[in-house]
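Please look through the structure shown here with the following notes beside it. They take up hairpins, a barrel, single residues and aromatic rings in turn.

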Amino acid sequence: MLLLGCIKEVSDYELAISLPNGLSGFVPVTQVSDAYSKLLTKQVAQGELLEELNSLPDMFSPGTLVRCIVTSIEKSDDGRRSVKLSIDPKKVNKGLNSTALAAGMLLSGSVLSVEDHGYLIDIGVPGTHAFLPHQKAKNYIKAAKKGPDLKIGQNLNCLIVEVKNEGRVVCLSIDRSEVAASIATERQKWALSNLLPGLVVKARVQKVAPLGLKLTFLSYFTGIVDFMHMDPEKSMSYSPDQVVKACVLSVHPTSRAVRLTLRPPFLHAGGAPRQLPSQHLGAVLEEATVKAFYKQFGAIFELDDGTLAFARLKHLSKTRKSFKPGAFKEGSKHKCRIIDYSLMDEMCIVSLKHQIIEAQFLQYQDIHTGDVVQGKVLSLKPIGMQVKVADGIRGLVPSLHLSDVILKQPEKKYNIGDEVKCRVLECNPGGKKLILTLKKSLVQSKLPVLSSYEDAKPGLITHGFVVCAREFGCIVKFYNDVKGLVPKNELGSEPISCPEKVFYEGQVLKVMVLKCEPQQERLLLSFRLSSKPGPEDKWKCTPKEKQEVKYQIGEIVDVKILKKKDNGLEVSIFEDEDNVVAWIPTLHLSDFVATSKLLWHCLQEGDVLPRVMYLSDKGEHIILSRKSAVISAVQEEQVVRSFSEIQPGMLLTGYVRNVMPFGVFVEFPFGVTGLAPKVSMSDKFVTDTKDHFVVGQTVIAKVMSIDEEKQRVLLNLKVSECSSGDSAAESFALLNQYFKELKEIRDLLRRGEPSICGLLPGKRVHLVVQDVREDGSALFSDSSVTGLTVTATRYHLGDKNIAPGEKRKALVLHVDALTSEVYVSLREELLKQ
């Protein structure tokens, strides 16, 4: 169905459109135009911002009329319908073909490209090239104030000035005065199959009915004007055979029904409807007078200032049964509340429902950071809980904020439909984003709400929650993403050596502001609320119990390499009077097997390795690990200390101990081991287990079942089963760690093999051809690559014939530091980039 709509709101990803009769719809960013979608795809593929791609707010302004076509109507779980639209000319003008085009026609177009003398416009008609000269766009650009040029993807109201070569070439104008004066006539040969909304026509009144008018236009078309679209000044004075100017509002493809409007702003093509009058959204009106009542649709009210408002039938009473038509006689007065404004009908939409008039919030703008709100649980997901605060207002309680302590199984505490009392952590009405907390200590706090750096005056005491505890201190967050640092010396009245053992993520604490620099968004805080340490200070670090074992599993130590052996490193632990000797197996140097081998290759005796974790003391050695995923799992207590603690469904981080034909044995910190059988090893079909895992590889495993008698644990290693929810964040953290370790290796390589460090993938080098092998690959040499084997495969020589002794330009593709091999390419398309 084709409709005329008016842009209500513009965000980066969609346009909210006001449609006739108080309806609304959305145009996703992918439905603007073909050229714009291609640019979006290109930007995603390249991963960098394109200069020629403008954001939707740069191209569209609220209040602009656009022709739309309905692409789908989606129904949500709560029965609400959402209308998806497209303004792509290919879809909107699909009824037109090149032979039907005539001078004087008005249609939608979108900018395809910017040329020397004007613009190429996509009008969605196959086989037709449409051109807009600069001269015909000058005034429009000046008035639109969106920059010196039209943007690719910009939607325009185009008037055909000239048609050449039987419609294969058309010349357009978007000059506002020419567009406004255009009227659709019989000469333009419009047919029902291609009639477009937005056309202004001369029409004759055929019939006057209580709910509207029937008109004839363009000699043989008939259309309807409903009661909301008659000119409010003349609504009572229409008579048969009267000639009026009208604008096409919608065209239904199957029933062929055409609806029109007689409202003045639409009677000049490209006009703009009036915006919301001075009474704003959410205003409660004590007395609104019924002007007209339509038993199947609703009622039209006149407000104090003379403007009209419409209430749908369902908004006139609490339930269908309690609805009394007799209460809405003309002239009767009612209390109502403005809940919306329909641009297309130039009317406020009101509701007489008691719960809406009394509602605390109607839209995101009514909610402020720090407000305490009642909500209803809609859903529980790994990311958190979705809460309905009011009709059309939803908020998210992140999993960290479901309780004062972190809940492993929130579904045991909360059920869908439960009423919950939350506090607003962050509200962004523009992005319709609402973040809430259910932490009782924050919801019930009587202390001031800290929601901006400007409010953070030295001496202020308030509640905040810990987001990170490390050796340097704690980072504490407040409302609106305001955060500050509690340095180590301000954590308590007595020194705390390991903050990460005393404080946990999500803990709510009272803090005092010491210093704030609002411009730099820097905040210094303290947990010491008074200078005197009180007896009830909770932050005292408990003295270490006398330990029989010198080190405990999970303890972090710094070590110095004593000896390099074939399968690992012999190290001594720092700050240890007894000079305890320990062992780091090569495979425990990193989470990544290839990186482990590289690190072993680069490290030398005498090197210092910081932050290594005590793993076990089985056998003759103390075993240490440097696997960051295993270390963080132990530190975040996502581990099991004994077989009795294991529960099905747990996600545990461990490492492959053995790969057998029937499955993989995985070991976890504290010595617990499990087996992942062949069927549960991978999402792909497993032929050979060795193709999927190698010994020493770090893995996340899900516990499937436990056999207490045989003390056996069965695991699942399928990637689809083993994500804790935020898989994107997990993947980026792993990638980040990988690149960090690569940088460390590069720094270590600089000592012994400086030439290999300078060769990064993507670098251009000049090399001398040394030899061309039988298989077509070539060997190179140069002073900058001494001691390295530099090769290019036959494919990467391109179509060049090369001979020994020639000097060539090449691009580094890959550097293998273990074998001192460098792979390069001479292909032109790579060198050009």
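**Strands, side chains and rings**

In the hairpin formed by β27 and β28, five residues lie between the strands, and Asn 480 takes a positive phi near 55°. The model is a predicted one. β27 and strand β28 (residues 483-487) run antiparallel and are joined by five bridges. Within this pairing, Ile 475 has Leu 485 in β28 as its bridge partner.

β27 also takes part in another hairpin, this one with β26, and here two residues lie between the strands. Strand β26 (residues 461-470) and strand β27 (residues 473-477) are paired in the antiparallel sense, over five bridges. Val 466 has Val 476 in β27 as its bridge partner. As a general point, strands of a sheet pair through backbone hydrogen bonds, and the pairing is either parallel or antiparallel.

Two residues of β26 come up again in the surroundings of Lys 510, a residue of strand β29. Leaving aside neighbours within four places in sequence, Lys 510 is in contact with Leu 447, Thr 462, His 463, Phe 527 and Leu 529; of these, Thr 462 and His 463 fall within β26 (residues 461-470). Lys 510 counts as partly exposed because its relative accessibility is 42%. For a sense of scale, Lys 510 and Ala 209 are 70 Å apart in space, C-alpha to C-alpha, and 301 residues apart in sequence.

Just ahead of β29 is Gln 507, placed in the loop between α8 (499-502) and β29 (508-517). Is Gln 507 buried or exposed? Gln 507 counts as buried, because its relative accessibility is 11% and the cut-off for buried is under 20%. A polar atom of the Gln 507 side chain lies 3.0 Å from the backbone nitrogen of Tyr 504.

His 334 offers another buried polar side chain to examine. It is found in strand β19 (residues 333-342), and it counts as buried because its relative accessibility is 15%. Which backbone oxygen does the side chain of His 334 reach? That of Ala 327, at 2.9 Å. The His 334 side chain also makes a polar contact, at 3.4 Å, with the side chain of Ser 332. With neighbours within four places in sequence left aside, the residues in contact with His 334 include Leu 285, Val 290, Phe 301, Phe 328 and Leu 352. Glu 286 and Glu 287 are also among its contacts.

Further along the chain, five strands form a closed barrel in the order β41-β42-β43-β45-β44, and the pairing is mixed. From one strand to the next, the twist averages 55°. One of the pairings in this barrel is between strand β43 (residues 789-792) and strand β45 (residues 821-825), which run parallel and are joined by three bridges. Thr 791 stands opposite Tyr 823 in β45.

The aromatic side chains can be taken next. The structure holds ten aromatic pairs. One of them is formed by Tyr 220 and Phe 221, which are stacked, with 4.9 Å centre to centre and 20° between the planes. The accessibilities of the two partners can be set side by side: Tyr 220 counts as exposed because its relative accessibility is 60%, whereas Phe 221, at 4%, counts as buried.

Why is the pair of Phe 592 and Tyr 738 edge-to-face? The ring centres of Phe 592 and Tyr 738 are 5.1 Å apart and the planes stand at 75°, so the pair is edge-to-face; the cut-off for that class is over 60 degrees. Phe 592 lies in the loop between β33 (581-585) and α9 (593-602), and Tyr 738 lies in helix α11 (residues 727-752), so the pair ties together parts that are 146 residues apart in sequence. Tyr 738 counts as partly exposed because its relative accessibility is 30%.

Ring pairs also link Phe 227, Tyr 294, Phe 297 and Phe 310 into a cluster.

Finally, there are charged side chains that lie over ring faces. Lys 564 lies over the face of Trp 600, at 4.5 Å from the ring centre. Arg 827 lies over the face of Tyr 795, and here the distance from the ring centre is 4.0 Å.

Technical notes: Residues are numbered from 1 along each chain as its sequence is written. This is a predicted model: local features need pLDDT of at least 70, side-chain atom pairs count only at pLDDT 80 or more; totals for chains, interfaces and linings use all residues. Side-chain values use heavy atoms; hydrogens and water are left out. Helices (H or I, at least four residues) and strands (E, at least two) are DSSP runs, numbered from the N terminus. Buried means under 20% relative accessible area, exposed over 50%, partly exposed in between (1.4 Å probe, protein chains only). A polar contact is a pair of N or O atoms within 3.5 Å; within protein, one must be able to donate a hydrogen and the other to accept it, and residues adjacent in sequence count only if both atoms are side-chain atoms. Contact means heavy atoms within 4.5 Å. Two strands pair if DSSP finds at least two bridges between them. Axes are lines fitted to C-alpha atoms, for helices over the stretch in contact, and angles run from 0 to 180 degrees between N-to-C directions. Rings of Phe, Tyr and Trp (its six-membered ring) pair if their centres lie within 6.5 Å; planes under 30 degrees apart count as stacked, over 60 as edge-to-face and the rest as tilted. A charge sits over a ring if NZ of Lys or CZ of Arg is within 6 Å of the ring centre and within 35 degrees of the ring normal.
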